[in-house]
Amino acid sequence: MAMSLNDKLSGTTNYPGVYLMKDAEGKVIYVGKAKNLKKRLSSYFKQSGQKESRQIDLKTRVLIKKVLSFDTIITRTEKEALILESNLIKEYKPRYNVILKDDKRYPSLRLDIKSQYPGLNIVRKIEKNGARYFGPFSSSQAVRQTLKIIHKTFKLRKCKTKNFRKRLRPCLNYQIGICLAPCCLDVDKKTYNEIVKEVVLFLKGRTPELIKKIKEQMTSAAKDQDYERAAVLRDKMFALEKILEKQVAVTTDLKDRDVIAIADSPEISLIALLFVRGGYLLGKTRFSFTKTISTKAEMVSAFIRQYYEKTHFIPQEVLVPIPLEDTCVLEDWLTAINQKKVRILYPRRGEKVQLVKMAAHNAQNSLKDLTASTDAAIDISIRLQKRLRMDKMPERIECFDNSNISGTEPVAGMVVFENGKPNKSLYRKYKIKTVDKQNDYAYMAEILARRYGKGEKSKPYPDLLVVDGGKGHLNIALSIIKKFKLEKNFEIIGIAKKDATRGETNDKIYQPGRANPVNFGRAGDLLLFLQRIRDEAHRFAISFHRKRRNKRSIHSVFDTVPGIGKKRKETLLKHFGSIDRISKATLEELVSLPGINRKIAEALKLK
Ligand code: SF4
């Protein structure tokens with residue numbers, strides 16, 4: 001096979017283009033682009049020491065061994081290669097490319113500038129709908145903290161747009177002085193717009209500029225002997241100065257920059273991104289990847305393309321920690337989507353180098369934390385494998401639980417832990433379809449059959465299946481798994497609650513073929529780990545059951561009120577959000593809704 005790679009290599013051209021590396025099954029496992037296809041591909045496959053051999057580390061060398069063939073597509077320019085490479089990565093999702101996960105969405109703030117009185121809300125998805133977005137913020141806590149400061153300092157309205165339109169009187173935010181109540185009071189639109197402009201400056205990191213502006217307004221108000229306004233402006237200025245004290249000034253110019261750094265270990269590569277706005281460090285975030293054939297420079301380049309394709313703000317400068325081969329192409333591409341010049345710089349001296357070093361320090365620290373938590377998770381998986389005498393390490397664990405009250409609305413939930421951590425995107429909810437009476441065993445049999453009885457479609461299988469219950473549950477699970485001839489594909493255990501009346505102090509883990517529960521001895525953390533998985537399945541199933549029950553109770557409450565049909569039900573729920581809020585609404589609030597007359601409102605109040 002090595003020969004055929006070499007043969008292919010000698011037939012490859014020196015033109016720019018894209019290459020697709022394939023494994024033994026012909027599956028595309030890596031897509032890359034190159035200015036010179038022959039030179040690039042030779043760098044992978046020629047032996048070290050040979051001319052044009054690429055400086056690749058051991059990890060990449062191991063991954064390259066999985067490549068058994070490749071295809072190339074020639075393009076006219078490097079830019080075309082860049083676009084084609086992006087499209088092919090999206091299409092094939094090759095396992096050894098750097099791919100930013102869609103579910104890794106950081107919170108941002110959305111300002112609905114189309115509204116007469118715009119407000120801010122937290123979102124995780126950026127939509128092209130005319131709104132302005134700010135962020136991303138590193139966590140929900142960081143975005144909430146910023147929002148709190150904004151409401152306290154600027155008095156921007158706090159309610160959601162749909163509620164704002166329907167308000168009949170100001171809410172508590174007006175009473176406590178953090179909103180001007182444009183919902184009900186006659187707030188001058190010009191004044192409110194000025195507030196919005198200030199909020200935008202603040203969110204763009206232009207706090208010093210904002211303070212200067214407010215100071216000028218304060219001086220002018222004092223000159224006009226409008227002392228009340230001057231005092232309000234003074235308080236706002238002090239509040240902003242206090243915030244500014246906590247922000248770190250990192251450059252002397254006022255430019256917006258993103259600073260990228262990369263750190264990697266044999267298992268994980270991590271990119272840290274610092275946001276510098278107006279010379280101040282406003283936030284940071286990180287992205288991690290495992291197993292990639294890319295070099296560091298290729299990883300940074302892939303990151304830039306994927307990250308800025310989706311983000312709502314591209315700064316004037318992006319600082320990178322390493323020279324990139326495709327800097328000019330990337331700059332053109334970023335400038336085209338930003339419609340303003342964007343530069344990618346690899347700084348060598350001055351403040352910018354310090355910024356790159358700061359980002360590198362952050363990347364190293366984050367990698368250390370990530371590696372420690374990954375190592376701990378791997379360690380626990382290895383020890384669990386030993387304790388349960390499993391053939392394979394339990395990399396993927398699935399756990400089921402069901403929930404019902406006296407057989408009503410029975411549901412089940414499946415949670416998935418991968419490498420010791422929950423992967424919520426793989427969780428599944430099930431409504432029990434075939435069992436009428438309350439019967440835990442029958443519920444479980446139905447759900448396991450639905451999860452594992454679909455042949456190829458049921459893949460991937462877990463390495464370990466955990467069922468909530470003792471020997472009885474375990475036997476049912478085993479019989480279902482045997483029915484589908486899957487007993488050799490994964491291990492099954494049952495986790496049963498301790499029986500305190502019998503003096504038991506710990507939950508028990510049952511395995512097929514073992515009469516007594518597994519003895520964990522001093523390895524109590526293994527039991528805790530399994531309990532954590534069981535508790536997560538329990539929480540997931542219960543919350544699903546609760547949602548179903550609430551929906552049902554909402555309908556049953558409405559069904560007893562004369563005159564309430566589907567449309568009115570929807571109107572009430574859309575406006576108030578819950579039965580509880582409907583019951584607390586005043587008669588005036590109820591009759592203000594379309595289709596709700598006084599008679600219906602009174603009937604609702606009697607409920
Ligand atoms: S006072 Fe009015 S505008 Fe302000 S947050 Fe409350 S409902 Fe919204």
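In the predicted model, the ligand is surrounded by Arg157, Lys158, Cys159, Phe164, Arg167, Cys171, Asn173, Tyr174, Cys179, Ala181, Pro182 and Cys183. By residue class, this shell divides into eight nonpolar residues, one polar residue and three charged residues.

The space that the ligand takes is the largest cavity, and the structure holds one cavity of 30 Å³ or more. A volume of about 80 Å³ was computed for the largest cavity, with the search made over the protein atoms alone. The lining of the largest cavity is formed by Arg157, Lys158, Cys159, Phe164, Arg167, Pro170, Cys171, Asn173, Tyr174, Cys179, Ala181 and Cys183. Pro170 thus appears among the lining residues, whereas Pro182 is listed among the residues around the ligand. The lining divides into eight nonpolar residues, one polar residue and three charged residues.

At the level of the whole protein chain, the domain assignment gives five segments, namely domain 1 (2-92), domain 2 (111-247), domain 3 (257-370), domain 4 (396-548) and domain 5 (560-606). The centres of domain 1 and domain 3, taken over C-alpha atoms, are separated by 24 Å, and the contact between these domains takes 19 residues from domain 1 and 16 residues from domain 3. About 1600 Å² of area is buried between domain 1 and domain 3, with carbon and sulfur atoms giving 52% of this area.

Conventions
Residues numbered from 1 in each chain as written. Predicted model: local features only at pLDDT ≥ 70, side-chain atom pairs only at ≥ 80, totals over all residues. Heavy atoms only, no water. Near = heavy atom within 4 Å. 1 Å grid on protein atoms, 1.4 Å probe; cavity = no way out; pocket = protein on both sides within 12 Å on 5 of 7 lines; lining within 4 Å. Sits in = over half its atoms within 2 Å of the grid points. Nonpolar A, V, L, I, M, F, W, Y, C, P; charged D, E, K, R; others polar. Points joined across faces, edges and corners; volume = space filled by probe spheres on them. Domains from an automatic or database assignment. Contact = heavy atoms within 4.5 Å. Buried area = accessible area lost by both parts, 1.4 Å probe.
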